Amino acid sequence: MLKLSNVTKRFGSLVAVNDLSLEVEKGQIYGIAGPNGAGKSTIYNLITGFYSYEGKIEFEGKPINGLRPYQIVKRGISRTFQIPQTFPSLSVEDSIDIGNRFGNTAAYSRKRVDEVIDFVNLNRERKHKTGTLDLLGKKKLMIGAALATRPKMLMLDEPMAGSNAHEIKALMELIRRINQELGITIIIIEHFMKVLTELTETLLIIETGTEICCGHPAEVTNDPAVIECYLGREDDQG
Ligand SMILES: Nc1ncnc2c1ncn2[C@@H]1O[C@H](COP(=O)(O)OP(=O)(O)OP(=O)(O)O)[C@@H](O)[C@H]1O
Ligand SMILES: [Mg+2]
């Protein structure tokens, strides 16, 4: 469904993404992990049209190189950001309606707002200003606004960051339902390995923009190169 072929992104002399190729199959949950600064968020910024790059990115068999972010959304790719971003003075329902209007305009329907608010379970807060939401509420809102664009693929950037065990459980459940009930393909960047091994079918580990290993999470987490660069050797842990 999504195919990156030999994608490279340079910021001056820094190579943030280095000749990366990957393929995400329709319907799957695909995980990306790696140390801080590995280039994970940059991959999202390339796919969603924020930066130019070398190489080729295709979605549903068609190249999306050079498209602007709003055009990428209309193709059916939506994302959330690493740091929760909301419009603090807007209500939950109006914020979700912005996503709704940003998506495929021909298919716009106000009903979509109610469906999304139900789906992410923000009914009680729908009239509240988004600035008053707690962290879990803000995350559900961000995911809701992304869903309101009617994506075929949703890309989540460290959705669990800063969350406690209860919030992680709620978000994992929500991500599973998005995948299973709505049939949306998901890419998730995450540092919590347990979340990735439980949720994903394919896991890519990168370091300094370069693929270290890609495959089934159980194999990847046992790969010596991954243990060396990212998970740490057992004898390192004291
Ligand atoms: N707009 C930019 N200009 C210059 N350098 C950038 C820019 N965006 C990212 N970088 C650099 O590219 C590298 C990869 O950054 P990126 O944010 O993709 O890492 P990451 O894997 O998402 O890290 P983290 O786990 O901390 O979120 C880093 O060295 C970062 O400083
Ligand atoms: Mg990042």
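**Exercise 1. Locate Arg126 and describe its surroundings.**

Step 1. Arg126 sits in the loop between helix H4 (111-119) and helix H5 (135-148); helices are DSSP runs of H or I with at least four residues, strands are runs of E with at least two, and both are numbered from the N terminus. The model is predicted, so local features need pLDDT of at least 70 and side-chain atom pairs count only at pLDDT 80 or more, while totals for chains, interfaces and linings use all residues. Residues are numbered from 1 along each chain as its sequence is written, chains are lettered from A and ligands numbered from 1 in the order in which they are written, and side-chain values use heavy atoms, with hydrogens and water left out.

Step 2. Arg126 has a relative accessible area of 19% and is therefore buried (buried means under 20%, exposed over 50%, partly exposed in between, with a 1.4 Å probe and protein chains only).

Step 3. The side chain of Arg126 makes a polar contact of 2.8 Å with that of Glu93. A polar contact is a pair of N or O atoms within 3.5 Å; within protein, one must be able to donate a hydrogen and the other to accept it, and residues adjacent in sequence count only if both atoms are side-chain atoms.

Step 4. From C-alpha to C-alpha, Arg126 and Leu141 are 9.8 Å apart in space, with a separation of 15 residues in sequence.

**Exercise 2. Describe the shell around ligand 1.**

Step 1. Ligand 1 is surrounded by 15 residues, and the closest are Gly37, Lys40, Ser41, Thr42 and Gln82 (a residue is near a molecule if one of its heavy atoms lies within 4 Å of it).

Step 2. The shell divides into 6 nonpolar, 7 polar and 2 charged residues. Here Ala, Val, Leu, Ile, Met, Phe, Trp, Tyr, Cys and Pro count as nonpolar, Asp, Glu, Lys and Arg as charged, and the others, Gly among them, as polar.

Step 3. Strand S2 (14-24) and helix H1 (40-47) each supply at least two shell residues, and H1 gives the most, with 3 residues.

Step 4. Oxygen atoms of ligand 1 lie 2.8 Å from a polar backbone atom of Gly37, 2.9 Å from a backbone N or O atom of Ser41 and 3.4 Å from a polar side-chain atom of Glu158. The protein buries 64% of the 640 Å² that ligand 1 exposes when taken alone (areas by the Shrake-Rupley method with a 1.4 Å probe; for residues, only the protein chains shown count as cover).

**Exercise 3. Identify the protein donors of the magnesium ion and place them in the chain.**

Step 1. Ser41 (OG) and Gln82 (OE1) coordinate the magnesium ion (ligand 2) at 2.1 to 2.3 Å. Ser41 belongs to helix H1 and Gln82 to the loop between strand S6 (77-79) and helix H3 (92-102), so that the pair, 41 residues apart, links distant parts of the chain. Donors are N, O and S atoms within 2.8 Å of the metal (3.2 Å for Na, K and Ca); water is not among the atoms, so sites may look incomplete.

Step 2. Ser41 is partly exposed, at a relative accessible area of 22%, and Gln82 is partly exposed at 35%.

**Exercise 4. Is helix H1 enclosed or open?**

Step 1. Of the 8 residues of H1, 7 are buried, so H1 is largely enclosed by the rest of the structure.

Step 2. The buried residues of H1 are Lys40, Thr42, Ile43, Tyr44, Asn45, Leu46 and Ile47.

Step 3. Just after H1, Gly49 has a positive phi of about 85 degrees.

**Exercise 5. Characterise the positive phi values of Asn121 and Thr208.**

Step 1. Most residues other than glycine have a negative phi. Asn121 has a positive phi, near 60 degrees, and Thr208 has a positive phi near 35 degrees.

Step 2. Asn121 is in the loop between H4 and H5 and counts as exposed because its relative accessibility is 53%. Asn121 and Leu174 are 53 residues apart in sequence, with 9.5 Å between their C-alpha atoms.

Step 3. Thr208 is in the loop between strand S9 (202-207) and strand S10 (210-215), and is exposed at 54% relative accessibility.
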